[in-house]
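User: I should like to go through the assignments made for this structure and hear the reasoning behind each of them. Please set every value against the criterion that applies to it.

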Amino acid sequence: LAFLGKVLGVHRRPGDTDIVFANRVIAALPADTTTLMHPQGDGAAGPRPVKRTVAEALIEIAELSGRASFSLHPLDHKESVHWLRCWQRILAALPRLAWRSWLNRGTATAADTTTL
């Protein structure tokens, strides 16, 4: 989660739980409407929307990571596979997220300073 946060300009605070940090990263995700012609995200949705998919995957990763860190029992095989597939969805979207974030640079830093 920290790597994706770094790409989007969101830093983990000392008291952040995985869920809180994931929500701050989600708040910093660039809009699917961010394009070269509309760097602030005020255009029509592009052909490859990823924000919702990434947001859902981040929440699932945060929940599973929290359980893995604080539970007496490790994640079972099914949960581990699900965790990995969530990361694969995020990694597939990472180039678009990085590009859109770069286009509207101010969004990630504004979201990072917002208190949730």
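Analyst: A helix here is a DSSP run of H or I with at least four residues, numbered from the N terminus. Gly-5 lies in such a run, helix H1. Please note that the model is a predicted one.

User: How many helices and strands does the protein have?

Analyst: There are 5 helices and 0 strands. Read from the N terminus, the order of elements is α-α-α-α-α.

User: Why is Gly-5 called buried or exposed?

Analyst: Buried requires a relative accessible area under 20%. Gly-5 has 0%, and therefore it is buried. Leaving out residues up to four places away in sequence, Gly-5 touches Val-10, Phe-21 and Val-25. Its C-alpha is 8.4 Å from that of Arg-24, which is 19 residues away in sequence.

User: What makes Lys-6 buried or exposed?

Analyst: The class exposed begins over 50%. Lys-6, a residue of helix H1, has a relative accessible area of 62%, so it is exposed. From Lys-6 to Val-25, 19 residues apart in sequence, the C-alpha distance is 9.2 Å.

User: Why is Arg-24 classed as buried or exposed?

Analyst: The relative accessible area of Arg-24 is 2%, and the limit for buried is under 20%; therefore Arg-24 is buried. This arginine is found in helix H2.

User: How do you know that the side chains of Asp-16 and Arg-24 make a polar contact?

Analyst: A polar contact needs a pair of N or O atoms within 3.5 Å, one able to donate a hydrogen and the other to accept it. The side chains of Asp-16 and Arg-24 meet at 2.6 Å, so the distance satisfies the limit and the pair is a polar contact. The side chain of Arg-24 also reaches the backbone oxygen of His-11, at 3.0 Å.

User: Where is Asp-16 placed, and is it buried or exposed?

Analyst: Asp-16 sits in the loop between H1 and H2. Its relative accessible area of 12% is under 20%, so Asp-16 counts as buried. Beyond its neighbours within four places in sequence, Asp-16 is in contact with His-11, Phe-21 and Arg-24.

User: What makes a group of residues a nonpolar core, and which residues have the most contacts inside the largest one?

Analyst: The members must be buried residues of the nonpolar types, joined through side-chain atoms within 4.5 Å. The largest such core has 23 residues, and Leu-4, Val-54, Leu-58 and Ile-90 have the most contacts inside it. Helices H1 (2–8), H2 (18–28), H3 (51–70) and H4 (77–103) each supply at least two of its residues. Ile-90 touches Leu-4, Val-54, Ala-57, Leu-58 and Ile-61, not counting residues up to four places away in sequence.

User: How do you know how the length of H3 compares with the span expected?

Analyst: The expected span is 1.5 Å times one less than the number of residues. H3 has 20 residues and reaches 28 Å from its first C-alpha to its last, close to the expected 28 Å. Its buried residues include Val-54, Leu-58, Ile-61, Leu-64 and Ser-65, and the buried residues of H3 pack against H1, H2 and H4.

User: Why are Arg-85 and Leu-103 called buried or exposed?

Analyst: Arg-85, in helix H4, has a relative accessible area of 53%, which is over 50%, so it is exposed. Leu-103, also found in helix H4, has 14%, which is under 20%, so it is buried. The C-alpha atoms of Leu-103 and Gln-40, 63 residues apart in sequence, are 7.5 Å apart. Those of Arg-85 and Ile-61, 24 residues apart along the chain, are separated by 9.6 Å.

User: What share of the protein counts as buried, and how much area is exposed?

Analyst: Of the 116 residues, 39% count as buried. The protein exposes about 7100 Å², of which carbon and sulfur atoms supply 62%.

User: Which element has the lowest mean pLDDT, and which the highest?

Analyst: Helix H5 (residues 105–113) has the lowest mean, 46, and H2 the highest, 93. Over residues 107–116 the pLDDT is below 50, and this stretch has 17 contacts in the model beyond near neighbours in sequence. Where pLDDT is low, the predicted coordinates should not be read in detail. For the whole protein the mean is 83, and 85% of the residues reach 70 or more.

Methods: Residues numbered from 1 in each chain as written. Predicted model: local features only at pLDDT ≥ 70, side-chain atom pairs only at ≥ 80, totals over all residues. Heavy atoms only, no water. Buried < 20%, exposed > 50% of the residue type's maximum accessible area, 1.4 Å probe, protein only. Contact = heavy atoms within 4.5 Å. Areas by Shrake-Rupley, 256 points an atom, 1.4 Å probe, with all protein chains shown as cover. pLDDT = per-residue confidence, 0-100.
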